[in-house]
Amino acid sequence: MPLYRKYQQGNLIVGVWKVEETIEELYSMFRCFSIYENSYRCFTSDKRRKEWLAVRVLLKELCGEEKRIEYLPSGKPFLSDGSACISISHTGGYVAVALHPCADVAVDIEQYGEKVKKVAHKFIRDDESSSIKCDNETYALLLHWSAKETMFKLIDVDAVDFIEHLRIKPFIPSNQGVMEAEEYRTNKHLHVQIFYHTHPDYVLTYSVVPLLS
């Protein structure tokens with residue numbers, strides 16, 4: 001099961017895995033599955049089991065050892081041994097994991113598809129519309145949606161409105177690059193850089209900020 005893509009920005013590492021294995025093949029890749037057994041039994045859907053297993057196999061590939069993922073009440077993941085900050089995402093046959101040893105991270109991966117056009121009114125602001133007018137509107141919309149999902153994970157608070165509270169500054173979409181973004185939901189009013197990559201099957205966005213208190 002080869003690592004499909006790996007991206008790095010300083011100490012930030014992002015891995016993407018194309019999940020083509022069966023559940024049994026993924027299961028066989030663990031040396032000590034007992035640390036995951038109780039959580040694994042909670043899933044009844046084969047699709048969810050495969051995603052869950054693939055995330056942990058990818059984590060093992062990136063870290064060189066098996067690690068246990070726990071979750072805060074908000075749903076934000078963390079490593080039980082505290083060795084790094086982690087973020088997780090998955091979409092249509094792919095999983096993504098972001099890691100940083102001492103800073104907060106967020107990653108999002110979204111499957112390429114035209115359905116995003118039908119819901120654009122739910123997350124595109126008027127002052128973002130100029131970035132949508134490009135050669136491939138679908139990619140531009142997906143990048144905005146994915147970037148806002150990444151921002152949402154970073155601030156880790158509830159009641160976030162993707163139009164009112166999250167803004168992606170104007171940019172010209174390309175195969176890869178950096179977006180500037182800001183949020184108005186918290187008192188910190190974070191301004192962050194969001195790195196992005198496009199692919200025939202998906203768009204990927206990720207970001208890193210100092211640990212938030």
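**Exercise 1. Check the length of helix α3 against the expected span: what distance separates its end C-alpha atoms?**

Step 1. α3 runs over residues 46-63; helices here are DSSP runs (H or I, at least four residues), and strands are runs of E (at least two), numbered from the N terminus.
Step 2. The expected span is 1.5 Å times one less than the number of residues.
Step 3. With 18 residues, α3 should therefore span 26 Å, and its end C-alpha atoms are 26 Å apart, which agrees.

This is a predicted model, in which local features need pLDDT of at least 70, side-chain atom pairs count only at pLDDT 80 or more, and totals for chains, interfaces and linings use all residues. Residues are numbered from 1 along each chain as its sequence is written, and side-chain values use heavy atoms, leaving out hydrogens and water.

**Exercise 2. Inspect both ends of α3. Which residue caps the N-terminal end?**

Step 1. Look for a polar contact (a pair of N or O atoms within 3.5 Å; within protein, one must be able to donate a hydrogen and the other to accept it, and residues adjacent in sequence count only if both atoms are side-chain atoms).
Step 2. Ser-45 is the cap: a side-chain oxygen lies 3.2 Å from the backbone nitrogen of Lys-47.
Step 3. After the helix comes Gly-64, with a positive phi near 85°.

**Exercise 3. Place α3 on its sheet. Which strands does the helix touch?**

Step 1. Order the open sheet: its 4 strands run β1-β2-β6-β5, with antiparallel pairing. Two strands pair if DSSP finds at least two bridges between them.
Step 2. Find the edges: β1 (5-9) and β5 (85-91) each pair on one side only.
Step 3. Add the helix: α3 packs on the sheet and touches β1, β2, β5 and β6 (94-100). Contact means heavy atoms within 4.5 Å.
Step 4. Look at one pair: β1 and β2 (residues 12-18) share 5 bridges. Gln-8 stands opposite Ile-13 in β2.

**Exercise 4. Describe the setting of Ser-131. Is the residue buried or exposed?**

Step 1. Locate Ser-131 in helix α4 (residues 129-132).
Step 2. Apply the cut-offs: buried is under 20% relative accessible area, exposed over 50%, partly exposed in between (1.4 Å probe, protein chains only).
Step 3. Ser-131 has 2% relative accessibility, so it counts as buried.
Step 4. Find its polar partner: the side chain of Ser-131 reaches the backbone nitrogen of Phe-171 at 3.0 Å.
Step 5. Leaving aside neighbours within four places in sequence, the contacts of Ser-131 include Ala-140, His-144 and Pro-173.

Terms used:
Axes fitted to C-alpha atoms, helices over the stretch in contact; angles between N-to-C directions.
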